Amino acid sequence: MDIFHIENLNFTYPLLEQKALQDVSFTVKKGEFLTIFGPSGCGKTTLISHLKPSLTPHGSKDGTILFNGIPIDSLDMRTEAAKIGYIFQHPDEQIVTDKVWHEIAFGLENLGKPQDYIRRSVSEMASYLDIGHLFHRNVSSLSGGEKQLLNLASVLAMHPDVIILDEPTSQLDPIHATQFLDVIAKLNRDLGITIIMIDHRLEDILPMSDRALLLEDGKIGCLSSPKDVCLHLANTKHSLLKSVPSGIQIFAEINPEHMPLTTGKARLQLEEVFCNPHPQAVTFPSPNKHEDTHIVLKAKNLSFRYQKHGADILKHLTMQIPRGSFYTILGANGAGKSTLLSLIAKVNKPYTGKLTVHGSVATLPQNPQSLFLKQTVWDDLHTVCQDDEKIRTLAQKTNIETIFEHHPYDISGGQMQLVALTKVLLTDPEILLLDEPTKGLDAESKLRLANILKSLIEQGVTVIVVSHDVEFCAQHAQMCAMMFDGSLISEADTRSFFSSNYVYTTSANKIARTIQPNAITVEDVLTLWNNYQQNAETLSY
């Protein structure tokens with residue numbers, strides 16, 4: 001039986017002519033795991049917001065949406081709240097109370113459930129999701145991953161039929177993201193809860209999905225099994241092919257008939273194709289290092305805490321960065337990465353140690369909405385620059401010129417990132433701080449971002465990026481550093497950094513490490529394959 005039936009759904013935002021959704025028709029079966037993906041701004045969030053009436057945006061809508069055979073607009077608020085769970089991209093947007101236990105109980109209290117029922121459900125969900133140790137904690141003290149698990153527990157306590165998730169792992173480090181997705185898969189597998197998820201982390205999500213829906217310009221581009229959708233992307237040379245699992249990308253070139261969804265299967269399959277002769281070692285190029293030795297940032301023994309008697313967030317941190325560097329900082333949620341950026345930007349001050357920064361600094365924060373002040377994108381950009389030609393030139397590079405008249409809050413998360421980046425770059429900074437800049441971006445937008453950053457670096461701008469996107473860092477950064485427990489524990493050029501890590505590395509490295517340990521990108525593996533083929537052909541003569 002279908003839990004959702006969507007037929008000829010059309011939607012247009014106020015004051016806009018272009019439809020955000022165009023004749024969208026599909027069904028979702030009970031107990032299904034459906035992944036929705038597509039380019040930034042294609043209408044993914046707009047689509048899933050129509051599946052929960054209280055979140056549907058204002059605008060012109062027509063078409064049919066049935067939930068369990070009933071028109072969704074006719075659902076009463078109690079039924080919608082209990083049966084249709086929704087997890088937001090930003091964990092803090094969903095949390096309404098101060099204590100973990102109260103947050104889990106909040107929805108049940110609003111439904112008027114008896115106290116003994118609430119106590120039983122709250123304890124059951126805390127135990128099932130293994131967050132009992134957080135039970136009496138203040139919500140403000142939780143990490144991003146813990147907050148998302150709390151949001152999930154709050155939704156799950158109401159026993160929903162379906163859980164809809166809008167990029168729930170976008171602010172989580174790779175390890176916590178994998179753990180969160182494992183929980184989602186378990187809910188789908190063990191409890192039969194229908195899962196509808198938007199996420200750009202397709203490496204982990206597609207293998208656990210029953211079907212995948214590709215949305216393009218508000219229309220369905222492809223809807224099928226994950227493998228068939230990936231085959232469609234490969235056959236059409238689609239730009240989003242670079243968003244799918246690395247094993248798919250590799251074998252789309254090596255053997256399109258056998259494209260493995262998981263990293264483990266891709267590794268075994270690659271070992272089979274590299275049989276005889278054994279591949280010769282390949283020397284891969286290292287990222288171009290900027291020759292400028294002038295140090296623009298120097299930190300020595302920095303320590304910082306938010307409260308006078310609280311725990312140290314940064315602990316005796318020491319680092320230095322030369323001008324014109326593309327420097328990325330990785331690490332788990334709560335390691336102190338964003339706090340470090342706040343010190344560099346002089347938002348906060350260390351209580352011990354010395355920090356020297358040479359040059360003007362601009363910051364793209366984790367939440368780009370904090371930068372928006374006006375009713376349209378165009379007016380917002382004018383708050384930092386009055387030169388129309390300069391705005392249009394930069395907007396063309398960031399691909400936002402088509403959304404000048406949109407309200408900054410009515411665009412997709414990926415578009416918000418690009419608008420905020422444009423606004424920051426209009427200030428002509430000498431040091432650019434980016435906190436999770438690839439959040440919500442599709443593969444093509446990430447490449448556009450990388451090209452912009454490389455152009456800035458050529459002009460002598462220093463770029464410091466905090467990121468959980470190991471694939472982006474591996475492809476484009478010059479130097480990578482790992483933060484742990486408030487300290488910088490390692491630093492190396494990008495290839496050395498990822499090839500020496502065992503878990504905190506790229507999928508391509510996990511796939512190819514038994515054959516070539518220093519291969520860290522899909523392009524590296526394909527270079528290795530091309531060399532192998534050439535050597536095999538030579539030996540055959």
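The legends below describe close-up views of selected side chains in a predicted model. Residues are numbered from 1 along each chain as its sequence is written, and side-chain values use heavy atoms, with hydrogens and water left out. Local features require pLDDT of at least 70 and side-chain atom pairs count only at pLDDT 80 or more, whereas totals for chains, interfaces and linings use all residues.

**View 1. The salt bridge between R495 and D524.** The structure holds 15 salt bridges, a salt bridge being a side-chain nitrogen of Lys or Arg within 4 Å of a carboxyl oxygen of Asp or Glu. In this view the side chains of R495 and D524 meet with an N to O distance of 2.8 Å. R495 belongs to helix α17 and D524 to helix α19, so the pair ties together parts that are 29 residues apart in sequence. Helices (H or I, at least four residues) and strands (E, at least two) are DSSP runs, numbered from the N terminus. Helix α19 spans residues 522-540. Both partners are buried, a class defined by under 20% relative accessible area; exposed means over 50% and partly exposed in between (1.4 Å probe, protein chains only). For D524 the relative accessibility is 7%. Apart from neighbours within four places in sequence, D524 is in contact (heavy atoms within 4.5 Å) with F284, R495, N518 and A519.

**View 2. The salt bridge between E80 and K52.** The closest N and O atoms of E80 and K52 are 3.7 Å apart. E80 is located in helix α2 (residues 77-83) and K52 in the loop between α1 (44-49) and β4 (60-67), so this bridge ties together parts that are 28 residues apart in sequence. E80 counts as buried at 3% relative accessibility, and K52 counts as buried at 10%.

**View 3. The surroundings of S49 in helix α1.** S49 is buried, with 5% relative accessibility. Setting aside neighbours within four places in sequence, S49 is in contact with L55, T56, P57 and Y86. S49 and Y86 are separated by 37 residues in sequence, and their C-alpha atoms are 9.1 Å apart in space.

**View 4. The salt bridge between R137 and E146.** The N to O distance between these side chains is 3.8 Å. R137 counts as partly exposed, at 30% relative accessibility. E146 also counts as partly exposed, at 22%.

**View 5. The aromatic pair F304 and Y306.** A pair of aromatic rings is described by the distance of the centres and the angle of the planes. Rings of Phe, Tyr and Trp (its six-membered ring) pair if their centres lie within 6.5 Å; planes under 30 degrees apart count as stacked, over 60 as edge-to-face and the rest as tilted. By this rule the count comes to 10 aromatic pairs. The ring centres of F304 and Y306 are 4.8 Å apart with the planes at 85°, so the pair is edge-to-face. F304 is buried, with a relative accessible area of 6%, whereas Y306 is exposed, with 51%. Elsewhere, F274, W529 and Y532 form one aromatic cluster.

**View 6. The contacts of L343 in helix α11.** Helix α11 comprises residues 337-344. L343 is buried, with a relative accessible area of 2%. Not counting residues up to four places away in sequence, L343 touches L302, F304, L314, N348, K349, P350 and L355. L343 and F304 lie 39 residues apart in sequence and 8.8 Å apart in space, C-alpha to C-alpha.

**View 7. Lysine side chains over tyrosine rings.** A charge sits over a ring if NZ of Lys or CZ of Arg is within 6 Å of the ring centre and within 35 degrees of the ring normal. K113 lies over the face of Y117, at 5.3 Å from the ring centre. K186 lies over the face of Y128, where the corresponding distance is 4.8 Å.

**View 8. A nonpolar surface patch of I175, Y502 and V503.** Patches are made of residues with over 30% relative accessible area and no salt bridge; like charges are joined within 9 Å, and nonpolar side chains (Val, Leu, Ile, Met, Phe, Trp, Tyr) within 5 Å. Together the three residues have about 330 Å² of accessible area, calculated by the Shrake-Rupley method with a 1.4 Å probe, where for residues only the protein chains shown count as cover. V503 is placed in the loop between α17 (494-500) and α18 (507-512). At 47% relative accessibility, V503 counts as partly exposed.
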